[in-house]
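Q: Can you go through this model with me? I'd like to start with the overall picture and then look at some details.

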Amino acid sequence: MSSTVLENVENHVLGINDFNKVYTECKTVCADWEEIAIHLDISRHSVNTIKANDNDVNKRFSELIAVWLKRERPEQPQPTWKVMCNAIARVDRGSAEKIAKEHQFDCEKCTGSPIINAWNSRPDPAELDNHVRTNKWHALGLQLGLDNGELAGFRSECLGDIAACRRKMFDLWLQTQPKSNRQQLLDALRTRAVAENYMAEKYESYIRTHLM
């Protein structure tokens with residue numbers, strides 16, 4: 001098979017009519033559906049909706065495939081076998097190779113999507129200062145795993161200056177938690193205790209637009 005034909009196969013745009021084939025060929029990795037969703041650039045809102053709809057991993061994976069094939073945002077990469085193989089290769093290289101072999105394209109090109117880097121990377125202080133200006137800094141700090149006593153100390157130290165308290169909270173988070181990352185922050189913003197869902201959506205949009 002020529003290289004041109006191979007490229008056409010791996011980059012052929014899939015649609016909802018391809019659902020059964022995609023689900024059948026990829027269902028061996030259904031237990032990893034949430035991680036695969038991240039690599040497919042599925043929004044956190046959609047992931048949370050899928051989780052709320054059903055506890056069964058097979059049904060969750062099925063719903064994920066449907067969301068992916070329908071392409072929820074214009075800027076999201078078009079659904080192709082290559083994109084799916086990229087995502088699956090992150091969690092199960094063997095399964096990705098089987099899919100690539102079935103569709104006769106080179107799995108060596110399936111190196112994995114870079115999307116995960118933006119979500120799992122540490123934000124810098126300037127980014128937080130510009131895009132996460134919540135007044136609920138104390139509640140957010142608690143959701144990020146920070147000590148209540150230290151957070152209370154910031155309130156006295158900064159004489160109630162919300163912006164200053166928020167900066168100190170973020171500095172503490174970045175300094176004391178080596179695994180701090182953007183996805184952790186987005187999840188914390190969306191908790192019931194913080195309820196900054198609109199801010200989370202705006203911050204997520206910034207990440208997708210400027211950091212990917």
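**Helix contacts and a few single residues**

Q: How does H2 pass H5?
A: The crossing of H2 and H5 is right-handed. This is a predicted model.

Q: What angle do those two make, and how far apart are their axes?
A: Helix H2 (residues 19–26) and helix H5 (residues 57–70) pack at about 135°, and their axes are 10 Å apart. That angle makes H2 oblique to H5.

Q: Which residues meet there?
A: From H2, Phe 19, Val 22, Tyr 23 and Cys 26 take part. From H5, the partners are Asn 58, Phe 61, Ser 62, Ile 65, Ala 66, Trp 68 and Leu 69.

Q: And what classes are they?
A: In the contact of H2 with H5, nine residues are nonpolar, two are polar and none is charged.

Q: OK, stepping back. How many helices and strands are there in the protein?
A: The protein has 14 helices and zero strands. Read from the N terminus, every element in the order is therefore an α.

Q: What share of the residues is buried?
A: Of the 212 residues in the protein, 45% are buried.

Q: What about contacts between residues that are far apart in sequence? What share do they have?
A: Take the contacts between residues at least 6 apart in sequence: 69% of them join residues at least 24 apart.

Q: Since it's predicted, what is the confidence like?
A: The average pLDDT of the protein is 86, and 89% of the residues score at least 70.

Q: Where is it lowest, and where is it highest?
A: Confidence is lowest in helix H1 (residues 3–11), with a mean of 51. It is highest in helix H10 (residues 137–143), at 97.

Q: Which residues stay under 50?
A: Residues 1–7 have a pLDDT under 50 throughout. For that stretch the model has four contacts beyond four places in sequence.

Q: Different topic: H13 and H14. What angle do they pack at?
A: Helix H13 (residues 182–189) and H14 pack at about 160°, with their axes 8 Å apart. The angle makes H13 roughly antiparallel to H14, because angles over 145 degrees count that way.

Q: Is that crossing left-handed or right-handed?
A: H13 and H14 cross in a left-handed way. On the H13 side the contact is made by Arg 182, Leu 185, Leu 186 and Leu 189. On the H14 side it is made by Asn 197, Met 199, Ala 200, Tyr 203, Glu 204 and Ile 207.

Q: And the classes in this one?
A: The contact of H13 with H14 has seven nonpolar residues, one polar and two charged.

Q: You listed Glu 204. Is it buried or exposed?
A: Glu 204, which is found in helix H14 (residues 197–210), is buried, because its relative accessible area is 3% and the cut-off for buried is under 20%.

Q: What does Glu 204 touch?
A: Leaving out residues up to four places away in sequence, Glu 204 touches Ser 43, Arg 44, Trp 119, Leu 186 and Arg 190. Leu 186 is also one of the H13 residues in the contact with H14.

Q: Next, backbone angles. What is notable about the phi of Asp 41?
A: The phi of Asp 41 is near 65°, a positive value in a residue other than glycine. Most residues other than glycine have a negative phi.

Q: Where is Asp 41, and is it buried or exposed?
A: Asp 41 is in the loop between helix H3 (33–39) and helix H4 (44–53). With a relative accessible area of 4%, Asp 41 is buried.

Q: What about Arg 71? What is its phi?
A: Arg 71 is not a glycine, yet it has a positive phi of about 55°. Arg 71 is found in the loop between H5 and helix H6 (81–89). Its relative accessibility is 30%, so Arg 71 counts as partly exposed.

Q: Last one: how far apart in space are Asn 53 and Glu 63?
A: Their C-alpha atoms are 9.3 Å apart, and the two residues are 10 apart in sequence. Asn 53 is in helix H4 and is partly exposed, at a relative accessible area of 47%.

Q: And Lys 82 and Ala 100?
A: They are 18 residues apart along the chain, with 7.9 Å between their C-alpha atoms. Lys 82 is in helix H6, and with a relative accessible area of 25% Lys 82 is partly exposed.

Notes: Residues are numbered from 1 along each chain as its sequence is written. This is a predicted model: local features need pLDDT of at least 70, side-chain atom pairs count only at pLDDT 80 or more; totals for chains, interfaces and linings use all residues. Side-chain values use heavy atoms; hydrogens and water are left out. Axes are lines fitted to C-alpha atoms, for helices over the stretch in contact, and angles run from 0 to 180 degrees between N-to-C directions. Helices (H or I, at least four residues) and strands (E, at least two) are DSSP runs, numbered from the N terminus. Angles under 35 degrees count as roughly parallel, over 145 as roughly antiparallel, 65 to 115 as roughly perpendicular and the rest as oblique. A crossing is left-handed if the near helix is turned anticlockwise from the far one by less than a right angle, and right-handed if clockwise. Contact means heavy atoms within 4.5 Å. Ala, Val, Leu, Ile, Met, Phe, Trp, Tyr, Cys and Pro count as nonpolar, Asp, Glu, Lys and Arg as charged, and the others, Gly among them, as polar. pLDDT is the predictor's confidence in each residue, from 0 to 100. Buried means under 20% relative accessible area, exposed over 50%, partly exposed in between (1.4 Å probe, protein chains only).
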